[in-house]
Amino acid sequence: MDTNLNKLLEQVRGADTAARLFRMLHIPVGALKPVGPTVTRLELAQALNMLLFDKLLHEVPEGAAYVADAVRDGRKICFDHGALRTVLGAQTGALPSGEAAFTRLLLPLGYQFVGLYPLDRINMTGRVYAHADDAEGIAQFFVSELHPERFSADFQHVVARVLSTSTDPLDARSKAALDQLQQHASLPFDEAAALLPAMLGCFERQHALPTLAEYESLLQESSEMAWIATEGNVFNHATDRVDDVEQLAQIQRDLGRPMKDKIEVSRNGRVRQTAFRATTVVREMADTDGKPVARKVPGSFYEFISRDRYVDEDAHRERLDLTFDSGNAQGIFKMTAGVPAA
């Protein structure tokens, strides 16, 4: 396809990957502009989201199998939102603390803050960012921050030791490009193509793996922090917007896939969510003698969401409910709850 979006994806990941992503994902019309000398923030945001979605599928085989079924049946995935976890207020080395590590990308890309969601049961706070140019068509970001100060002093010390090794994946050129994007809402094509893989690199673990003792210590107080310790800032999950999440969940159970037992329903009843259980991954952590030990831990997962439309009486128009729910979110977070080693 002769568009900036396709050209960007081909340059960064190759023609085969670009074609596969176009077959797989619903693309908003605003992201399908003809090839030109500049790339808009919306086009760049869509390209990043498509590559992040693809990256998650490589890490979550259950999600990849589901998406393969959808492609086979001629149904495109509607990428609703991606979620990631950060830690606020801790020593995070060269990486900005908390959501600041990502708002420095999201704001230049055209995202704006649209919702605050206290996650008090797990001592976190969630914030949602939607794209200013197409909130319904471009995937949202659910960025959560963990609050170490709400845990024990020992826990806080371990968090600081683990995260203090963090490096910053963005170099001076990338930061300058983001500043330019923030100012002008677009970039020359070559600058956009260079920035895209740099942004993608932000969605990784930027710190060294914890020791096995550190991991087990964190897990005793917070499975979310234990997950961050091994997985870092990778996409915790990506979410498919579907018409009927209840029917879909039953179909996936009948196929023998590891579904969450319960459908999470928002207080207003308009947002319903469920997910595959997190993929189990193996991470090598040092034991007390410094020898590597393979430890099975929860990785990322693939989620499903149904959103109803409603009448916005203030705006006198019908809208898709793009909000989230703190109860739903905390229920979904349980997908990555690890188990202490025997």
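A residue counts as buried when its relative accessible area is under 20%. Keep that cut-off in mind for the close-ups below, all taken from a predicted model.

**View 1. Two buried phenylalanines meet edge-to-face.**
Start with phenylalanine 276, which counts as buried because its relative accessibility is 0%, under the 20% limit. Its ring partner, phenylalanine 304, is buried too, again with a relative accessible area of 0%. The two ring centres are 5.2 Å apart and the planes stand at 80°, so this pair is edge-to-face. It links distant parts of the chain: phenylalanine 276 sits in the loop between β9 (271–275) and β10 (280–286), while phenylalanine 304 belongs to strand β12 (residues 301–307), 28 residues apart.

**View 2. Phenylalanine 203 and phenylalanine 235 form another aromatic pair.**
A search of the whole structure turns up 19 aromatic pairs. In the one shown here, phenylalanine 203 and phenylalanine 235 are edge-to-face, with 5.8 Å from centre to centre and 90° between the planes. Both partners come from loops: phenylalanine 203 from the one between α8 (189–200) and α9 (212–221), and phenylalanine 235 from the one between α10 (223–231) and β7 (237–241). They are 32 residues apart, and the pair links distant parts of the chain. Phenylalanine 203 is buried, at 1% relative accessible area, and phenylalanine 235 is buried as well, at 3%.

**View 3. Step back and a whole aromatic cluster comes into the picture.**
The four phenylalanines from the views above, Phe203, Phe235, Phe276 and Phe304, belong to one aromatic cluster. Joining them are Phe53, Tyr66, Phe79, Phe102, Tyr111, Phe141 and Tyr302.

**View 4. Two arginines hold their charged ends over aromatic rings.**
Look for arginine 270 first: its charged end sits over the ring of tyrosine 310, 4.2 Å from the ring centre. Then find arginine 307, whose charged end sits over the ring of phenylalanine 324, at 4.8 Å from the centre.

**View 5. The largest pocket has a volume of about 390 Å³.**
In all, 17 residues line this pocket, and those nearest its centre are Tyr66, Arg75, Val242, Asp243 and Leu248. Two elements, α4 (61–72) and α11 (245–254), each give two or more residues to the lining. Sorted by class, the lining of the largest pocket has seven nonpolar, two polar and eight charged residues.

**View 6. Alanine 70 sits in helix α4.**
Helix α4 is one of the elements lining the largest pocket. With 4% relative accessibility, alanine 70 counts as buried. Leaving aside residues up to four places away in sequence, alanine 70 touches Arg75 and Ile77. Valine 234 is another matter: alanine 70 and valine 234 are 164 residues apart in sequence and 24 Å apart in space, C-alpha to C-alpha.

**View 7. The second largest pocket holds about 330 Å³ of space.**
Here the lining is made of 14 residues, with Ala130, Ala135, Arg319, Leu320 and Leu322 closest to the centre. Strands β3 (111–119), β4 (124–131) and β14 (317–320) each give two or more residues. The largest share, three residues, comes from β14. By class, the lining of the second largest pocket has eight nonpolar, two polar and four charged residues.

**View 8. The largest cavity encloses about 120 Å³ of space.**
The structure holds three cavities of 30 Å³ or more. The largest cavity is lined by 16 residues, and Val87, Thr92, Leu95, Leu163 and Asn233 lie nearest its centre. Strand β2 (residues 79–87) provides the largest share of that lining, three residues. The classes break down as six nonpolar, nine polar and one charged.

**View 9. The second largest cavity has a volume of about 70 Å³.**
Helix α12 (326–333) and strand β2 each supply at least two residues of its lining, and α12 gives the most, with four residues. Among the lining residues are His81, His237, Gln273, Glu303 and Phe324. Phe324 also appeared in View 4, under the charged end of arginine 307.

**View 10. Helix α9 has several buried residues.**
Leu212, Glu214, Tyr215, Glu216, Leu218 and Leu219 are buried in α9. These buried residues pack against α6 (153–163), α10, β10 and β11 (292–298).

How values were computed. Residues are numbered from 1 along each chain as its sequence is written. This is a predicted model: local features need pLDDT of at least 70, side-chain atom pairs count only at pLDDT 80 or more; totals for chains, interfaces and linings use all residues. Side-chain values use heavy atoms; hydrogens and water are left out. On a 1 Å grid over the protein atoms alone, a cavity is a set of points where a 1.4 Å probe fits but cannot get out, and a pocket is an open set with protein on both sides within 12 Å along at least five of seven lines; lining residues have an atom within 4 Å of a point. Grid points are joined across faces, edges and corners, and a volume is the space filled by probe spheres set on the points. Ala, Val, Leu, Ile, Met, Phe, Trp, Tyr, Cys and Pro count as nonpolar, Asp, Glu, Lys and Arg as charged, and the others, Gly among them, as polar. Buried means under 20% relative accessible area, exposed over 50%, partly exposed in between (1.4 Å probe, protein chains only). Contact means heavy atoms within 4.5 Å. Rings of Phe, Tyr and Trp (its six-membered ring) pair if their centres lie within 6.5 Å; planes under 30 degrees apart count as stacked, over 60 as edge-to-face and the rest as tilted. A charge sits over a ring if NZ of Lys or CZ of Arg is within 6 Å of the ring centre and within 35 degrees of the ring normal.
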